[in-house]
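Biologist: Could you take me through this model one helix at a time, giving the cut-offs as you use them?

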Amino acid sequence: MDGKKQFGPIVSSAHLADSALPALSELEFGLILSGHAFERWMVHCMTAAGEPGLTAIDVLVLHSANHRGRPKRISDLCIVLGIEDTHVVIYAIKKLEKRGLLKGTRSGKEKLIGTTEKGVETCMRYREIREELLVESVRGLGLDPKVTSTVAAMLRALSGHYDQAARAAASL
């Protein structure tokens with residue numbers, strides 16, 4: 001040994017890391033930290049974009065409703081965002097409608113949610129701030145965009161494994 005202390009993996013729960021796949025605990029700790037940081041980022045960026053007091057879910061619903069400039073069904077917003085409780089999305093929609101960022105329309109019996117002009121402008125302002133404060137600093141890391149896309153695909157695939165494990169755990 002060269003006199004340096006040997007540390008194990010960086011995890012939040014050593015008892016979970018003491019398993020057949022310790023690296024999964026490292027990944028989970030990274031997800032915890034990055035998830036909270038991402039939520040803080042969304043809230044603060046939206047505040048800087050002129051809409052203080054929104055939650056991370058509110059911001060996600062606004063961006064998803066604005067996606068591709070087409071109104072969305074509430075069920076589609078829930079599916080895309082991975083939110084099981086539709087009431088969470090409905091509450092966010094009502095909050096965003098009161099602020100004049102979203103508007104509901106009807107297509108037969110279905111309610112469709114789309115962004116207002118103010119909602120689109122807010123999303124574009126968020127985008128400008130994101131480019132200036134986040135994208136430029138992340139680009140400075142020199143990450144290969146293909147590797148970043150691969151990591152994103154891996155995280156989406158892992159979400160399926162966690163969902164399946166959650167369903168199995170709920171049946172115990």
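Biologist: Which residues of helix α4 (residues 74–81) are buried, and where do they lie around the helix?

Modeller: This is a predicted model, in which local features need pLDDT of at least 70, side-chain atom pairs count only at pLDDT 80 or more, and totals for chains, interfaces and linings use all residues. Residues are numbered from 1 along each chain as its sequence is written, and side-chain values use heavy atoms, with hydrogens and water left out. In α4, a DSSP run (H or I, at least four residues, for helices; E, at least two, for strands; numbered from the N terminus), the buried residues (under 20% relative accessible area, 1.4 Å probe, protein chains only) are Ile74, Leu77 and Cys78. Seen down the axis of α4, by the directions from the axis to the C-beta atoms, they fall within an arc of 100°, so they line one face of the helix.

Biologist: Which exposed residues does the face of α4 turned away from its buried side carry?

Modeller: Exposed means over 50% relative accessible area, with partly exposed in between. On the face of α4 turned away from its buried side, the residues that qualify are Ile79 and Val80.

Biologist: What covers the buried residues of α4?

Modeller: Contact here means heavy atoms within 4.5 Å. By that criterion, the cover of the buried residues of α4 includes α3, β1, α5 (86–98) and β3.

Biologist: What phi does glycine 82 take?

Modeller: Glycine 82 comes just after the end of α4. Its phi is positive, at about 70°.
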